[in-house]
Amino acid sequence: MPDSLILVTGGAGFIGSHLTDALLAAGHRVRVLDNFSTGQRSNLALDNPRLEVLQGDVADAALMRRAVVGCQAVAHLAAVASVQASVDDPVGTHQSNFIGTLNLCEAMREAGVRRVVYASSAAVYGNNGEGVAVGEDTPKAPLTPYAVDKLASEFYLDFYQRQHGLEPAIFRFFNIFGPRQDPSSPYSGVISIFTERALAGKPICVFGDGEQTRDFFYVADLVPLLVQALTQAQVASGAVNVGHNQSISLNQLLAAIGDVLGRLPAVTHAEARAGDIRHSRADNSLLRERFQLAPATPLQDGLAQLLGRA
Ligand code: NAD
Ligand code: UD1
């Protein structure tokens with residue numbers, strides 16, 4: 001269904017802007033709703049006549065009602081993406097990360113828009129995956145306001161599915177990285193910060209001993225999954241992990257950056273962050289069963305892109 005109108009909340013951000021590009025390239029019309037708190041206009045193809053930009057907040061219920069009108073589907077990515085920011089400001093982040101989802105559900109119910117792709121997170125598992133790959137049925141243990149809001153949003157989407165026929169496709173992203181992930185704040189994603197500082201020859205600060213692990217997933221491998229979920233005829237219910245079932249420690253990440261650059265970055269250490277998950281690794285069998293996966297971009301190749309060595 002090319003030419004359909006798709007709402008992308010958070011469309012000016014890292015993941016949202018790549019999704020917006022892909023949807024426009026596939027012939028869709030895209031309405032981006034963003035408050036530009038971390039997203040940027042420069043991430044968007046503003047001269048494309050099939051792109052419409054609404055500046056505003058997902059916490060604004062009236063705006064959300066206007067935003068969904070005429071849409072075939074919604075990708076709900078707007079949120080404060082930093083776990084640490086939610087620890088520092090639970091009330092403020094709750095407006096974006098939970099109230100925004102609820103406003104969207106209500107707006108979609110009223111307008112009769114059904115399909116919504118939701119960016120949930122591996123954070124919902126907390127430390128229950130210690131040392132193993134977490135499957136979707138692993139008991140949830142949200143450790144931070146961020147994780148609580150993601151899990152509560154999942155539950156609300158599930159309620160609106162049962163009660164009002166919404167068609168949510170819920171993805172639990174593990175650690176997504178790639179171009180346009182903004183490195184400029186201490187709240188930014190670790191790879192964006194590490195690669196920017198390594199390139200500039202500045203020391204990198206590791207919180208804790210660097211032995212915590214993450215399952216890193218390149219953004220260009222994620223976008224086709226989101227497009228499939230937005231446009232396929234039906235979605236099966238239940239959340240789906242997005243990861244590679246690979247765990248990389250921060251110390252391994254630093255070594256990989258050193259390999260690409262040909263020199264090891266200087267490292268300092270600070271105390272581990274409160275609520276920081278120790279090990280995070282996805283069992284991705286459900287993802288492989290339900291979606292067509294492109295060959296995975298190796299971490300080294302993704303790093304080479306970011307470090308200008310590709
Ligand atoms: P990002 O910060 O680049 O994108 C978030 C976008 O949402 C930004 O453009 C920001 O301006 C916008 N936004 C924030 N609050 C808003 C509000 N109240 N109203 C309107 N717009 C608002 O981060 P990202 O990494 O692209 O994350 C996108 C989504 O994916 C988020 O929901 C995040 O929680 C989720 N997620 C990201 C990762 C990851 O590793 N990057 C992993 C799991 C889940
Ligand atoms: C990330 C995402 C979050 C997502 C989750 C899913 C961001 C900002 N966060 O959270 O949206 O839901 O993955 O798994 O995209 N670290 C350092 N030094 C730094 C920055 C970070 O040592 O300068 C450490 C952190 O303490 C943490 C690890 O790196 O142990 C990863 O941190 P971060 O990139 O913020 O990601 P998550 O908290 O895993």
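The shell around ligand 2 is made up of 14 nonpolar, 6 polar and 3 charged residues. Keep in mind that this is a predicted model. Residues from domain 1 (5–176 + 218–242) and from domain 2 (177–214 + 246–281 + 296–306) both take part in that shell, so ligand 2 sits between the two domains. There's also a pocket to look at, the second largest one, with a volume of about 250 Å³.

**Who surrounds ligand 2**
- There are 23 residues around ligand 2, and the ones that come nearest are A81, S121, Y146, V190 and D276.

**Polar contacts of ligand 2**
- D276 turns up again here: an N or O atom of its side chain is 2.6 Å from an oxygen atom of ligand 2.
- R214 also uses its side chain, with an N or O atom 2.7 Å from an oxygen atom of ligand 2.
- With C205 it's the backbone instead: one of its N or O atoms there lies 2.8 Å from a nitrogen atom of ligand 2.
- On its own, ligand 2 would expose 740 Å², and the protein buries 90% of that.
- Two elements, α6 (190–200) and β8 (204–207), each give two or more residues to the shell around ligand 2.

**The second largest pocket**
- This pocket has 17 lining residues, with E154, I170, R172, G238 and A239 nearest its centre.
- Elements giving two or more residues to the lining are α5 (145–164), β6 (167–173) and α9 (285–290).
- The largest share, 6 residues, comes from α5.
- Sorted by class, the lining has 7 nonpolar, 3 polar and 7 charged residues.

Terms used:
Residues are numbered from 1 along each chain as its sequence is written. Chains are lettered from A and ligands numbered from 1 in the order in which they are written. This is a predicted model: local features need pLDDT of at least 70, side-chain atom pairs count only at pLDDT 80 or more; totals for chains, interfaces and linings use all residues. Side-chain values use heavy atoms; hydrogens and water are left out. A residue is near a molecule or strand if one of its heavy atoms lies within 4 Å of it. A polar contact is a pair of N or O atoms within 3.5 Å; within protein, one must be able to donate a hydrogen and the other to accept it, and residues adjacent in sequence count only if both atoms are side-chain atoms. Accessible areas come from the Shrake-Rupley method with a 1.4 Å probe; for residues, only the protein chains shown count as cover. Helices (H or I, at least four residues) and strands (E, at least two) are DSSP runs, numbered from the N terminus. Ala, Val, Leu, Ile, Met, Phe, Trp, Tyr, Cys and Pro count as nonpolar, Asp, Glu, Lys and Arg as charged, and the others, Gly among them, as polar. Domain bounds come from an automatic or database domain assignment. On a 1 Å grid over the protein atoms alone, a cavity is a set of points where a 1.4 Å probe fits but cannot get out, and a pocket is an open set with protein on both sides within 12 Å along at least five of seven lines; lining residues have an atom within 4 Å of a point. Grid points are joined across faces, edges and corners, and a volume is the space filled by probe spheres set on the points.
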